[in-house]
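Me: Could you take a close look at one part of this protein with me? I'd like to follow a single strand and its surroundings, with a word on how far the model can be trusted.

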Amino acid sequence: MCTSEHIEQKVKSTLESMNVEYEWFEVDPDFADTAACCEKYGFRMDHAGNTIIVASKRGEQKYSACLVLGTDRLDVNKKVRSLMEVSRLSFASADETMQLTGMMIGGVTPFALPESLPIYIDAMIMDLDYVLLGGGSRSAKIKVPPSALLNIPIASVIEGLSMASVPEYSDNNHWLNL
């Protein structure tokens, strides 16, 4: 099993071997999840990317990594299912994610993933001036230009990979954004 320091070094080495300019941020692991991290450290949710590992539920075991904005919802049931050519999908468990990537949920990044794992990037990310991603562990985040994602040989930019999230109902937000 990889240590946090080991996987962080692997991510940094990968970025450097690709000549990617990046900013590295140390974060409190208790605030690694996207919304909590953005709130605590003042990052923009609409510039935060979630790398989600998806697993097939039937037949041959297949996995993929999907990168969507923190403000959006991955279209697992239609788009990802079609891309992976499987009948049923689910989000990979924390244990599956760790075994497959060496990374913990809350820190998964598209950089330094196994070469056998297809990576699907929501096209909307490519329109940003930067994207904030996991750093491989729950203790780090990286800020990169979206064009850096194109340096990953197994990555594909996909139109319609995500859907805008419906705002959660609260007493202070009476579905005004619908």
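Reply: Happy to; here is a walk along strand E3 and its partners, then out to the cores, the other sheet and the cysteines.

A word on confidence comes first. This is a predicted model, and the mean pLDDT of the protein chain is 89, with 91% of its residues reaching 70 or more. Among the elements, E6 has the highest mean pLDDT (98), while strand E10 (residues 162-164) has the lowest (85). The stretch to treat with care is residues 168-178, where the pLDDT is below 50. Beyond near neighbours in sequence, that stretch has nine contacts in the model.

Now to strand E3, which spans residues 63-69. Six of its seven residues are buried, so the strand is mostly covered. E3 runs antiparallel to E2, and seven bridges join the two. E3 is also joined to E6, this time in the parallel sense and through three bridges. In general, strands of a sheet pair through backbone hydrogen bonds, and the pairing can be parallel or antiparallel. Between E2 and E3 the hairpin has six residues, and there Gly-59 takes a positive phi near 70°.

Leu-67 is a handy residue to follow here. In E3, Leu-67 is the bridge partner of Thr-51, and Leu-67 also stands opposite Ile-121 in E6. Thr-51 itself lies in strand E2. Why does Thr-51 count as buried? Its relative accessibility is 11%, and the cut-off for buried is under 20%. Leaving aside neighbours within four places in sequence, Thr-51 is in contact with Ala-65, Cys-66 and Leu-67, and also with Val-108, Thr-109 and Pro-110.

How does this region tie in with the nonpolar cores? The largest core has 29 residues. E2, E3 and E6 each supply at least two residues of this core, and so do helix H1 (4-17), strand E7 (131-134) and strand E8 (140-144). Those with the most contacts inside the core are Val-11, Phe-111, Leu-133, Ile-142, Val-144 and Leu-149. Phe-111 gives a good view of it: leaving aside neighbours within four places in sequence, its contacts include Val-11, Leu-15, Met-103, Leu-133, Ile-142, Val-144 and Leu-149. Apart from this core lies another, of 13 residues, among them Cys-66, Leu-74, Val-86 and Leu-161.

E7 and E8 also belong to an open sheet of three strands, in the order E1-E8-E7, with antiparallel pairing. Its edge strands are E1 (23-26) and E7, each pairing on one side only. Neighbouring strands of this sheet are turned by 25° against each other on average, direction ignored. E7 and E8 pair over four bridges, and the bridge partner of Leu-133 in E8 is Ile-142. H1 lies across E1 and E8, running at about 10° to E8.

Last, a point for the bench: the structure holds zero disulfides. The cysteine sulfur nearest to that of Cys-37 belongs to Cys-38 and is 5.7 Å away, so Cys-37 is in no disulfide, given the 2.5 Å cut-off. For Cys-66, the nearest cysteine sulfur is again that of Cys-38, at 20 Å, and Cys-66 is in no disulfide either. Cys-37 counts as buried because its relative accessibility is 2%, and Cys-66 counts as buried at 0%.

Technical notes:
Residues numbered from 1 in each chain as written. Predicted model: local features only at pLDDT ≥ 70, side-chain atom pairs only at ≥ 80, totals over all residues. Heavy atoms only, no water. Buried < 20%, exposed > 50% of the residue type's maximum accessible area, 1.4 Å probe, protein only. Core = buried A, V, L, I, M, F, W, Y, C linked by side-chain atoms within 4.5 Å. Contact = heavy atoms within 4.5 Å. Pairing = 2+ DSSP bridges. Axes fitted to C-alpha atoms, helices over the stretch in contact; angles between N-to-C directions. pLDDT = per-residue confidence, 0-100.
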